[in-house]
Amino acid sequence: MWKDEILEEIYRIREEHAKAFNYDLQAICDDLRQKQAVSNRQIISQPLKQRNRLHSKSQ
């Protein structure tokens, strides 16, 4: 079976990060948000696209 080395590395890093926080999702997210805040990178967010309701109203 074909193995994707990049994905394997991502899975390994993600597992190590989760294990470091005892798999506590809140602690993991808090850590990632803190790292994002101090990264000095521009954060670009886009609003969610709204579903076109015109089509569903006409039926």
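This note goes through the fold, the surface, the salt bridges and the loop between the first two helices of a predicted model.

1. Overall fold. The secondary structure of the protein chain in this predicted model amounts to three helices and zero strands, and the order of elements along the sequence is α-α-α. The chain has 59 residues, of which buried residues make up 7%. Its accessible surface is about 6,500 Å², and carbon and sulfur atoms account for 53% of that surface.

2. His17 and its surroundings. His17 lies in helix α1, which covers residues 5–20, and with a relative accessible area of 18% this residue is buried, since the cut-off for that class is under 20%. Leaving aside residues up to four places away in sequence, His17 touches Ile28, Asp31, Leu32 and Lys35. With one of these, Asp31, there is also a polar contact between the two side chains, at 2.6 Å. A reader who wishes to look at this site in the structure may therefore begin with the side chains of His17 and Asp31, which form that polar contact.

3. Asp31 and Lys35. Asp31, the polar partner of His17, is itself buried, at 15% relative accessibility. The side chain of Asp31 also takes part in a salt bridge with the side chain of Lys35, with an N to O distance of 3.3 Å. Both residues are in helix α2 and are four residues apart, which means that about one helical turn separates Asp31 from Lys35. Lys35, in contrast to a buried residue, counts as partly exposed, at 43% relative accessibility. Both members of this salt bridge, Asp31 and Lys35, are on the list of residues that His17 touches.

4. The other salt bridges. How many salt bridges does the structure hold? There are three, and besides the pair formed by Asp31 and Lys35 they include one between Arg12 and Glu16, whose closest N and O atoms are 3.0 Å apart. Arg12 and Glu16 are four residues apart in helix α1, so about one helical turn lies between them. Arg12 is partly exposed at 41% relative accessibility, and Glu16 is likewise partly exposed, at 47%. A further salt bridge joins the side chains of Asp30 and Arg33, with an N to O distance of 3.7 Å. Asp30 and Arg33 both belong to helix α2 and are three residues apart, about one turn of the helix. Asp30 has a relative accessible area of 39% and is partly exposed, whereas Arg33, with 51%, is exposed, because the cut-off for that class is over 50%.

5. Helix α2, its length and its start. Helix α2 runs over residues 25–37. At 1.5 Å a residue, the 13 residues of α2 should span 18 Å, and the C-alpha atoms at the ends of the helix are 18 Å apart, so the expected span and the distance in the model agree. At the start of α2, a side-chain oxygen of Asp24 comes to within 3.1 Å of the backbone nitrogen of Gln26.

6. The loop between α1 and α2. Which backbone angles deserve a look in this loop? Most residues other than glycine have a negative phi. Asn22, which is not a glycine, has a positive phi near 55°, and Tyr23, also not a glycine, has a positive phi of about 60°. Asn22 is placed in the loop between α1 and α2, and Tyr23 is placed in the loop between α1 and α2 as well. As for their accessibility, Asn22 counts as exposed, at 63%, while Tyr23 counts as partly exposed, at 45%.

7. A nonpolar patch on the surface. Ile6, Leu7, Ile10 and Tyr11 form a nonpolar patch on the surface, and together these residues have about 390 Å² of accessible area. One of them, Ile10, has its place in helix α1 and counts as partly exposed, at 44% relative accessibility. Helix α1 thus holds both Ile10, a member of this patch, and the buried His17.

How values were computed
Residues numbered from 1 in each chain as written. Predicted model: local features only at pLDDT ≥ 70, side-chain atom pairs only at ≥ 80, totals over all residues. Heavy atoms only, no water. Helix = DSSP H or I, 4+ residues; strand = E, 2+ residues; numbered from the N terminus. Buried < 20%, exposed > 50% of the residue type's maximum accessible area, 1.4 Å probe, protein only. Polar contact = N/O pair within 3.5 Å; in protein donor to acceptor, adjacent residues only side chain to side chain. Contact = heavy atoms within 4.5 Å. Areas by Shrake-Rupley, 256 points an atom, 1.4 Å probe, with all protein chains shown as cover. Patch = residues over 30% accessible without salt bridge, like charges linked within 9 Å, V, L, I, M, F, W, Y side chains within 5 Å. Salt bridge = Lys/Arg side-chain N within 4 Å of Asp/Glu carboxyl O. Expected span 1.5 Å × (residues − 1).
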